[in-house]
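This report goes through the side-chain contacts, the ligand shell and one helix start of the model shown below. Please keep the structure open while reading.

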Amino acid sequence: MNDFQKRAEAVLTPNYRRQPVMFVRGKGAKLWDSEGKEYLDFVAGIAAVNLGHCHPEVTRALRTQAKKLVHISNHFYIETQIELAELLVKNSSLDRVFFCNSGTEANEAALKLARRYSREKGKGGYEIISAWNSFHGRTFGSLSATGQEKFWKGFEPLVPGFKFVEFGNLEQMKSAINSNTCAVILEPVQGEGGVYPAPPGYLQGVRKLCDETGALLILDEVQTAMGRLGKLFGYEWADVQPDIITLAKALGNGFPIGAMLAKKDVAEALVPGTHASTFGGNPLASSAALATLKTILENNLAERAQKIGEYFHSQLNRLKKNHPCIKEVRGVGLMLALELKAERCERVIEGMREKGFIINLTHNNVLRFLPSLLVKRKEISKMLSALDQELAKIDPEVI
Ligand code: PLP
């Protein structure tokens, strides 16, 4: 164990399985560790740094705002927050924005709003339907909406009123939804669950069922928005209009900020005093998000992500042809994955890290790729040739 590992272990809670590396600097897709070794980053802070590390526009906005006003609270109007909300509303099908600090908080706000809206409308339904294998966060509400029992262990009883259905199965949704349902919450592509895109027609079908029963459709876009899937928001692929969407991760390009966007009529249930956040959308966080969103929009980065994502996807399919250990290639835009037949694949992550490439493992055997939207073809090729070598070590075990 090296020095920083010992120091960390002595003072930090043991809830993370950290890799034995400490990054001290980043620029674009590149990272440097404390020993000066250079890496190419294909995780981007878990889909958070969509513009790459230390993007000059975001850095400039942070520096400028930090000199003016960092925090003031939502007891007052905040210029950068208003401007950010205007831009989010202009570029989405939603009308009102609540700001918070993370994805779990954005979902918490959405779940609370759904229940309150149902009561306000005199419907009184309180049940929320979510999908198995989903991930919505770690606070009690969002954890209760998360359809993976491994995350519940030791924390029960969870918040009552959550039901789970198989993701992508419209018949199950039809059987589960009724007049007591106040909302359905889904990810357009299940991220932490192993990168499973919603099947074609599924979200439209769920939208129809929500309309028939008066339930709200909440789309958790914490991982899928901000151009990641090749559109600013993932729901644009399905051509549905959700009642609520939640954002975080890439909204501030790594600076913590979350948001819940809702239709005007739905948002009206949040009257003064019903929900709040001290830091939510503070001047500094809003300035980072504003610079991030402007950069994505002005440079058509969602479209870029789509194009380069297609190339990346095709190269992963090529890799699959040569490696019997690859079970499936999945994903949309620049949220891509390789599912391996091997049981545990930490050694691939380790091997890649030794070669200078950071990739992610989810669900034990799914290699996940979430590079910056500005990733270059030659960076993808370099990473894939290293991966080719690492996978060749596993192939003989599964032939
Ligand atoms: N929702 C989704 C879809 C996520 O992927 C995540 C995090 O991975 C969250 C919510 C929770 O976000 P946070 O970690 O910012 O609370």
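Over the ring of which residue does the charged end of Arg330 sit? The charged end of Arg330 sits over the ring of Tyr196, 3.9 Å from the ring centre.

## Basis of the values

The model is predicted: local features need pLDDT of at least 70, side-chain atom pairs count only at pLDDT 80 or more, and totals for chains, interfaces and linings use all residues. Residues are numbered from 1 along each chain as its sequence is written, and side-chain values use heavy atoms, with hydrogens and water left out.

## Charges over rings

A charge counts as sitting over a ring if NZ of Lys or CZ of Arg is within 6 Å of the ring centre and within 35 degrees of the ring normal. Besides Arg330 over Tyr196, there is Arg25, which lies over the face of Trp32 at 4.1 Å from the ring centre.

## Aromatic pairs

A pair of aromatic rings is described by the distance of the centres and the angle of the planes. Here, rings of Phe, Tyr and Trp (its six-membered ring) pair if their centres lie within 6.5 Å; planes under 30 degrees apart count as stacked, over 60 as edge-to-face and the rest as tilted. By this rule the count is nine aromatic pairs. One of them joins Trp152 and Phe164, a tilted pair with 5.5 Å from centre to centre and 45 degrees between the planes. Trp152 lies in the loop between helix 6 (140–144) and strand 6 (162–165), and Phe164 lies in strand 6, so the pair ties together parts that are 12 residues apart in sequence. Helices (H or I, at least four residues) and strands (E, at least two) are DSSP runs, numbered from the N terminus. Both Trp152 and Phe164 are buried; buried means under 20% relative accessible area, exposed over 50%, and partly exposed in between (1.4 Å probe, protein chains only).

Phe167 and Tyr202 form an edge-to-face pair, 5.7 Å centre to centre with 75 degrees between the planes. This pair links distant parts of the chain, 35 residues apart: Phe167 is in the loop between strand 6 and helix 7 (170–176), and Tyr202 is in helix 8 (residues 202–213). Phe167 is buried at a relative accessible area of 14%, and Tyr202 is buried at 2%. In addition, Phe42, Phe312 and Phe369 form one aromatic cluster.

## Salt bridges

Side chains of opposite charge can pair when their charged atoms come close. With a salt bridge taken as a side-chain nitrogen of Lys or Arg within 4 Å of a carboxyl oxygen of Asp or Glu, a search of the whole structure finds 18 salt bridges. Glu127 and Lys163 form one of these, at 3.1 Å from N to O. The two are 36 residues apart and link distant parts of the chain, with Glu127 in strand 5 (residues 127–131) and Lys163 in strand 6. Glu127 is buried at 16% relative accessibility, whereas Lys163 is partly exposed at 25%.

Arg368 bridges to Glu192, with the closest N and O atoms 2.7 Å apart. Arg368 lies in strand 17 (residues 366–369) and Glu192 in the loop between strand 8 (189–190) and strand 9 (196–197), so this bridge ties together parts that are 176 residues apart in sequence. Arg368 is buried at 1% relative accessibility. Within helix 14 (residues 377–398), Lys393 and Glu390 are three residues apart, about one turn of the helix, and their side chains meet in a salt bridge of 3.0 Å, N to O. Lys393 is exposed at 53%, but Glu390 is buried at 4%. Arg330 appears again in a network of salt bridges that links Lys327, Glu328, Arg330 and Glu339.

## Ligand shell

Of the 13 residues around the ligand, Gly103, Thr104, Asp220, Gln223 and Lys249 come nearest; a residue is near if one of its heavy atoms lies within 4 Å. Helix 5 (residues 103–120) gives the largest share of this shell, three residues.

Polar contacts are pairs of N or O atoms within 3.5 Å; within protein, one must be able to donate a hydrogen and the other to accept it, and residues adjacent in sequence count only if both atoms are side-chain atoms. A ligand oxygen is 2.8 Å from a polar backbone atom of Thr104. A ligand nitrogen is 3.4 Å from a polar backbone atom of Phe135. An oxygen atom of the ligand is 2.8 Å from an N or O atom in the side chain of Gln223. Taken alone the ligand exposes 390 Å², and the protein buries 82% of that. Accessible areas come from the Shrake-Rupley method with a 1.4 Å probe; for residues, only the protein chains shown count as cover.

## Helix 1

Helix 1 (residues 3–11) is hardly covered, with zero buried residues among its nine. At its start, a side-chain oxygen of Asn2 reaches to within 3.3 Å of the backbone nitrogen of Phe4.
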